[in-house]
Structures are given as structure tokens and as C-alpha cells.
Amino acid sequence: MTKKELYEKAFVILNQREQRAYRELDQRKEEIHRTIPEIEFLQRSLSQVSIRLSKQILSHQENVSEGTAKILEEGMRNNQRIEQLLVSHGYPANYLKPHFVCSKCRDTGYVHGELCSCVQEVVRKLGAEELNESTTMQLCTFDDFDLRYYRSAAHPEYLLKMKENLDFCKNYAKSFKKTSQSILMIGPTGLGKTHLSLAIASVVLDAGYQVVYGSAPDFFRRIQNEYFGKNKETSDTQNKLLEADLLIFDDLGAEFENGMYASILYSIVNGRLNLGKPTIINTNLTIGELERRYTNRMVSRLTTLYTPLRFVGTDIRQLKLQES
């Protein structure tokens with residue numbers, strides 16, 4: 001989608017939220033009027049307050065201020081009585097007020113004529129979903145991660161190391177926040193790096209955070225095409241990667257060597273570090289291979305500012321073939 005389309009869709013969502021808030025309020029009112037009839041009477045009295053105020057002001061009587069104050073005081077007493085009745089019957093005091101998703105703009109998208117921050121939040125979420133829909137990756141679970149494939153008589157340390165990685169990833173996902181640490185998953189192909197990173201994504205998404213996940217080659221191609229104008233109608237992929245609460249950059253190093261790709265990677269890694277946002281990067285390359293491809297400066301940031309998880313064992317896909 002273009003940026004214009006993303007914003008249009010965002011306002012459709014906000015409008016749906018606003019309508020739902022008032023629809024649910026009407027349902028709550030019907031319920032309360034059945035169970036606490038006195039509240040219906042009080043609300044009818046409140047609905048006349050603005051009319052009575054207008055009449056009082058237009059009457060041009062000498063005691064307009066006094067009369068206005070009395071009407072407002074009566075309205076306040078009615079509101080307090082309604083809240084007391086609600087609480088005494090086991091309801092929250094605000095039960096008969098609309099419950100908006102965004103209290104700042106009341107789901108209109110604007111605060112004092114300015115665009116509300118919730119609009120940007122919806123746009124970012126839509127952009128992340130759009131990117132994720134285009135990937136061939138399928139979310140995984142921690143329950144599907146089978147440690148028996150890491151048992152080795154010759155290397156008993158493999159199982160211990162991978163159990164440690166699994167426990168770390170479970171705790172990371174469970175306690176995830178927008179300022180969580182970044183992770184560098186490194187090791188040969190077929191050892192579960194993608195599986196564990198997507199299991200983290202599944203838990204973090206369920207917790208309501210925005211997650212963008214995909215392969216490095218795909219992200220690099222998208223950004224390069226947008227830079228050279230081949231995808232003029234698409235929205236800015238690089239900004240989406242920078243804005244996500246969690247970015248999962250899978251299979252780094254599988255792309256063709258390209259100086260521009262190295263520059264894009266540095267911009268994303270450095271940008272997210274400056275924003276304090278967590279990133280998970282998976283690669284089959286060794287540290288030396290990463291340095292030759294992306295420079296020592298780039299790899300220094302990955303190895304010193306990311307938590308390293310080293311994956312060990314035998315290619316699980318080969319083990320599964322042997323079983324079949």
C-alpha cells in the first residue's frame with residue numbers, strides 16, 4: 001500500500017473504533033436502565049441541562065449567573081448520584097461513559113486540530129502487517145522446538161547449549177518490552193535459528209507489540225527497488241523496519257554481496273540502536289565472514305551491543321531425512 005492508502009485505512013479503523021465505543025455504550029445504557037431505573041430518570045434530567053442553561057442565559061434576568069450556577073450544581077449532583085448508584089451495584093463509576101481505545105482523541109484521530117499519535121501507531125501496525133504478509137515464513141512455537149535432535153554422544157555439550165538457548169528465548173519472549181536487548185543468533189544452517197526467532201515473534205505479537213520479520217535478501221531488494229524508484233507506489237520499507245517494536249532480520253549473508261546492502265544494513269542496525277529498539281539477526285556466517293562482508297565497524301556493533309546466541313549441532317533437516 002502507498003502511504004496515502006495506509007492513512008486512509010488507519011482512519012477507517014479509527015472510525016470503526018469510535019462507532020463501536022458508542023454502540024457498546026448504548027448496550028450498557030439499556031442494561032443499566034433495566035437494572036437501576038433511577039439512573040434512567042437522572043440521565044433524562046441531565047439531558048435537559050444544556051436546554052435549561054440556554055433558556056437561562058437568553059432570559060436576560062438580573063440573576064442569570066446565580067441561576068446558571070444552580071443548574072450546573074444540580075447537574076453535578078446528578079452525575080455524582082449516578083456514579084454512586086453504579087458503584088453500589090457493582091459497576092465501575094465510568095460504566096456509562098464511552099470507552100475509547102485512545103482517550104486523547106476519543107478515536108477521532110485528532111487532538112485540537114493536530115494528528116493524534118494513535119494514527120501513527122495504527123499506520124505502523126498496518127505497515128508491519130503488510131510486510132509480514134509478503135514473507136514466506138510461518139510463525140513457530142517453542143513447543144515445536146525438539147531438543148532431542150541435539151543429543152550427541154560425541155558432543156554432549158550440544159544439548160546443554162541448545163537448551164540454554166531455548167530457555168533464554170522463552171524468557172526473552174515472555175518478558176519482552178520495547179527496550180529489550182538485541183540478539184545475534186549465529187551458527188551453521190539448519191540448527192533452529194529461524195525457528196526460535198519466529199517463536200519469539202509469535203509470543204511478542206500475541207502480547208500486542210508490532211513485529212516485522214523477514215529475510216535479509218528480501219528486505220534489501222525492497223529497499224533498493226524503492227531507492228531507485230522501481231516501486232514508486234509502495235510505502236517506505238526502511239522506515240517500517242526502523243519503527244517496528246521488534247525487527248527479525250533472518251538469514252543475513254544469504255543475499256548477493258552488494259555495497260549498497262552493507263550500507264542499508266548499517267543504517268538499520270545503527271538506527272534501531274539509536275532508537276533503543278530491539279532487533280534479532282540470524283546468520284549462517286562466522287564472525288570472520290561477517291567482517292569481510294560488512295566491515296569491522298558494522299560487526300563490532302553486532303558483537304558488542306547484541307547478545308550473542310551460538311547455535312551448535314547437526315543440520316536438523318538432514319537428521320529428519322535420515323529418520324524418514
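How many aromatic pairs does the structure hold? The count comes to 10 aromatic pairs, and keep in mind while browsing these views that the model is a predicted one.

**View 1. Y91 and Y95 make a tilted aromatic pair.** Here we zoom in on two tyrosines. The ring centres of Y91 and Y95 sit 4.8 Å apart, and their planes meet at 40°. Are these tyrosines buried or exposed? Y91 has a relative accessibility of 18%, so it counts as buried, the cut-off being under 20%. Y95 comes in at 15% relative accessible area and therefore falls on the buried side of that cut-off as well.

**View 2. Four aromatic residues join up in one cluster.** Which residues are they? Look for F168, Y172, F176 and Y209, which together form one aromatic cluster.

**View 3. The largest nonpolar core is built from 29 residues.** The residues with the most contacts inside this core are F142, M185, L196, I200, L246 and I280. Several elements chip in at least two residues each: the helices α6 (157–174) and α7 (193–206), plus the strands β3 (182–186), β4 (211–215) and β5 (246–252). Of these, α7 supplies the largest share of the core, with six residues.

**View 4. F142 and its contacts, leaving aside neighbours within four places in sequence.** What does F142 touch once those neighbours are set aside? One group of contacts is L166, C169, K170 and A173. F142 is also in contact with L196, A199, I200 and V203. Two of these partners, L196 and I200, turn up again beside F142 in the list of residues with the most contacts inside the largest core.

**View 5. Another nonpolar core lies apart from the largest one.** This core has 28 residues. Among them are L252, I281, Y294 and L302, which make handy labels for finding your way around.

**View 6. A search of the whole structure turns up one cavity of 30 Å³ or more.** The largest cavity has a volume of about 40 Å³. What lines it? The lining is made up of R124, G127, A128, Q210, K240, E243 and A244. Two elements, α5 (117–133) and α9 (237–243), give two or more residues to this lining. The top contributor is α5, with three residues. Sorted by class, the lining has three charged residues, two polar ones and two nonpolar ones.

Key. Residues numbered from 1 in each chain as written. Predicted model: local features only at pLDDT ≥ 70, side-chain atom pairs only at ≥ 80, totals over all residues. Heavy atoms only, no water. 1 Å grid on protein atoms, 1.4 Å probe; cavity = no way out; pocket = protein on both sides within 12 Å on 5 of 7 lines; lining within 4 Å. Points joined across faces, edges and corners; volume = space filled by probe spheres on them. Helix = DSSP H or I, 4+ residues; strand = E, 2+ residues; numbered from the N terminus. Nonpolar A, V, L, I, M, F, W, Y, C, P; charged D, E, K, R; others polar. Core = buried A, V, L, I, M, F, W, Y, C linked by side-chain atoms within 4.5 Å. Buried < 20%, exposed > 50% of the residue type's maximum accessible area, 1.4 Å probe, protein only. Contact = heavy atoms within 4.5 Å. Phe/Tyr/Trp six-rings, centres within 6.5 Å; stacked < 30°, edge-to-face > 60°.
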